[in-house]
Amino acid sequence: MTSRLTRRQRRRISQGIQYAVFVAVLVLIGVLADWDRLQNQFAQKDLALRLFPEIITTALRNTVIYTMSGFLLGLVLGLVIAMMRLSSVAPYRWVASVYIELFRGLPALLIFIFVGVAVPLAFPGTEIPGGTYGKVALGLGLVAAAYMAETIRAGIQAVPKGQMEAARSLGFSHARAMVSVIIPQAFRIVIPPLTNELVLLFKDSSLVLFLGVTLQERELTKFGRDLASQTANSTPILVAGLCYLLVTVPLSFVVRRLEARADKAV
Amino acid sequence: MPRKTEAVDDTMATDRPEIEIRGLHKSFGDNHVLRGIDLEVARGEVVCVIGPSGSGKSTLLRCVNLLEEPSGGQVFVGGTEVTDLDVDIDAVRRRIGMVFQQFNLFPHVSVTENLTLPQRRVLGRDKARSAAVALENLKRVGLADKADAYPAQLSGGQQQRVAIARALSMGPEVMLFDEPTSALDPELVGEVLSVMRVLAGEGMTMMVVTHEMSFAREVADRVVFMDGGVIVEQGPAAQVVGHPRQERTRNFLNRILDPAAAGAPADDGRRPRAEDGGSGTG
């Protein structure tokens, strides 16, 4: 019986059903949800306004600082691990592989706790420089490095073999060729995935929640949660969420643009 | 110039061949690609290496600047043993220019920077000097107007000419060409070959792996025919390409020249040319 329908008819029916389901779900949510209570709990306008400017000047600012310091540390460490992974010295490769598997396989939260506890234990008398900022940077950086190392390694290997040969035949040493010729090209390849990693880190910085932080060190999630419990209202959570999106959505957009450009270049 | 002063044996080196290959072997695993090659290239000589694919000719070339590590035998360039484990290979490679089939320009920098970057990083030349040398060599290959372009904006032929200019900017004593026109569209082959022809005319020592028989016949002082990892036949171009002595050389030349001779008339049907068919059967 279906075979008697034309393709145009079938397409129309199929699309009709999909639109119908979409509208039905919207209506169902709209009718069933208790909007008044939701608004009460999450969208108190005057409460939201009272969060400013602190939510920007302290919370968002700290989130950005935690993310950037973790990202930079991860980038440097990731580059080193990527080079170790590609080394001709076998123990370097082993260490790099173990590191990558370990830190990609563990929850970031566990690593945060570990950094907080193990580092002071292992090196008695030493404090991680920068206090909470240092701890967070280290925790995020250690995790990010594992992911970035794999990304950077893939980027380096994506540079055609002829580039290294051309550089070597011109008299570049292996190390110089890496620095002047290979790594600049590899970075171009890995900018989109690294930006993606930045978005992930930005969200992972919320794990600071589980470290004891002072009022001035609070980032968005901690800030939102603290104020939510102070005011017995969840509006701060919603506002904190919007602050995340303020950064992550444009960043994702940038990633898409970069990827599109990279596709064109190849 | 300071490099020259160290070479006390420079006077001896003048009557030594620029490239000297002795008993060269190269294996990739079980694959015995070069099976004992002896070859000399005199200063200012142009040697074309021809042969079927898989004959080891590219590997031979890549052993000269140690892009491939020989499994056995010796290679000397300008009197220095390249295969000596204690030799500073980067220093030797500065004296050997190499041009690749795939051009291998650095895509992330401009044409000029492709020429200046190696000079500055490897030779330690300053910005002004390296730029001047770059421009001079771009003029040599007729691409001074492309100085600010990026490699991706150039045709294959132009890219290969830039690659030649880049190698020349290092002031090499020897130039190696590894199938420099094989990746080019047919209409772009000529411009690269004419640059190479000029270079040969200027007295550059050149070792060229190529399938361009007309170039070999016209420019090469000597043609080397390789097959199965050995040199089957070598001699003046007119002899090896024109009147090969060995059966294997004849077979190869027939295969490479006949399809071309048979293919060309199919394109411009009315004017079959006798020239190619004649030389093939030689």
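User: Why are both Arg62(B) and Glu165(A) called buried?

Analyst: This is a predicted model, and the label follows from a cut-off: buried means under 20% relative accessible area. Both Arg62(B) and Glu165(A) meet that condition.

User: What makes Arg62(B) and Glu165(A) a salt bridge?

Analyst: The N to O distance between their side chains is 2.6 Å, and the rule asks for a Lys or Arg nitrogen within 4 Å of an Asp or Glu carboxyl oxygen, so the pair qualifies. It also crosses between chains, running from helix α3 (residues 57-64) of chain B to helix α8 (residues 161-169) of chain A. In addition, Arg62(B) and Glu165(A) belong to a network of salt bridges with Lys161(A) and Glu68(B).

User: How many salt bridges cross the interface of chain B and chain A by the rule, and which side chains meet at 3.3 Å?

Analyst: The rule finds two across that interface. Asp90(B) and Arg168(A) are the pair at 3.3 Å, N to O, which is within the 4 Å limit and therefore counts. As for polar contacts, six residue pairs are found between chain B and chain A. On the chain B side, α4 (89-94), β6 (96-99), α5 (111-123) and α7 (156-169) each supply at least two of the touching residues. By class, that side has 13 nonpolar, three polar and six charged residues.

User: How much area do chain B and chain A bury between them?

Analyst: About 1700 Å², with 59% of it on carbon and sulfur atoms. Within chain B, Phe106(B), His108(B) and Arg121(B) lose the most area to chain A, together 33% of what that side buries. The contact takes 22 residues from chain B and 17 residues from chain A.

User: How do you know whether Glu18(B) is buried or exposed, and what about its salt-bridge partner Arg43(B)?

Analyst: Glu18(B) has a relative accessible area of 1%, so it is buried by the cut-off of under 20%. Arg43(B) is at 43%, so it counts as partly exposed, between that cut-off and the 50% above which a residue is exposed. Their side chains meet at 2.8 Å, N to O. The pair links distant parts of the chain, 25 residues apart: Glu18(B) is in the loop between α2 (10-14) and β1, and Arg43(B) is in the loop between β2 (31-41) and β3 (46-50).

User: Why is the pair of Glu179(B) and Lys57(B) still called a salt bridge?

Analyst: The closest N and O atoms are 3.9 Å apart, and since the limit is 4 Å, the pair passes. Glu179(B) lies in the loop between β7 (174-178) and α8 (186-201) of chain B and Lys57(B) in helix α3, so the salt bridge ties together parts that are 122 residues apart in sequence. Both Glu179(B) and Lys57(B) are buried.

User: What makes Thr249(B) buried, and which residues does Thr249(B) touch?

Analyst: Its relative accessible area is 0%, which is under 20%, so the label holds. Thr249(B) sits in helix α11 (residues 247-267) and touches Phe225(B), Val232(B), Glu233(B), Val240(B) and Pro244(B), leaving aside residues up to four places away in sequence.

User: And what about Gly23(B): why does Gly23(B) count as partly exposed?

Analyst: Gly23(B) has 27% relative accessibility, which falls between 20% and 50%, so partly exposed is the right class. Gly23(B) is found in strand β1 (residues 19-28). Its contacts, not counting residues up to four places away, include Gly36(B), Asp38(B) and Gly72(B).

Key:
Residues numbered from 1 in each chain as written. Chains lettered and ligands numbered in written order. Predicted model: local features only at pLDDT ≥ 70, side-chain atom pairs only at ≥ 80, totals over all residues. Heavy atoms only, no water. Contact = heavy atoms within 4.5 Å. Buried area = accessible area lost by both parts, 1.4 Å probe. Polar contact = N/O pair within 3.5 Å; in protein donor to acceptor, adjacent residues only side chain to side chain. Helix = DSSP H or I, 4+ residues; strand = E, 2+ residues; numbered from the N terminus. Nonpolar A, V, L, I, M, F, W, Y, C, P; charged D, E, K, R; others polar. Buried < 20%, exposed > 50% of the residue type's maximum accessible area, 1.4 Å probe, protein only.
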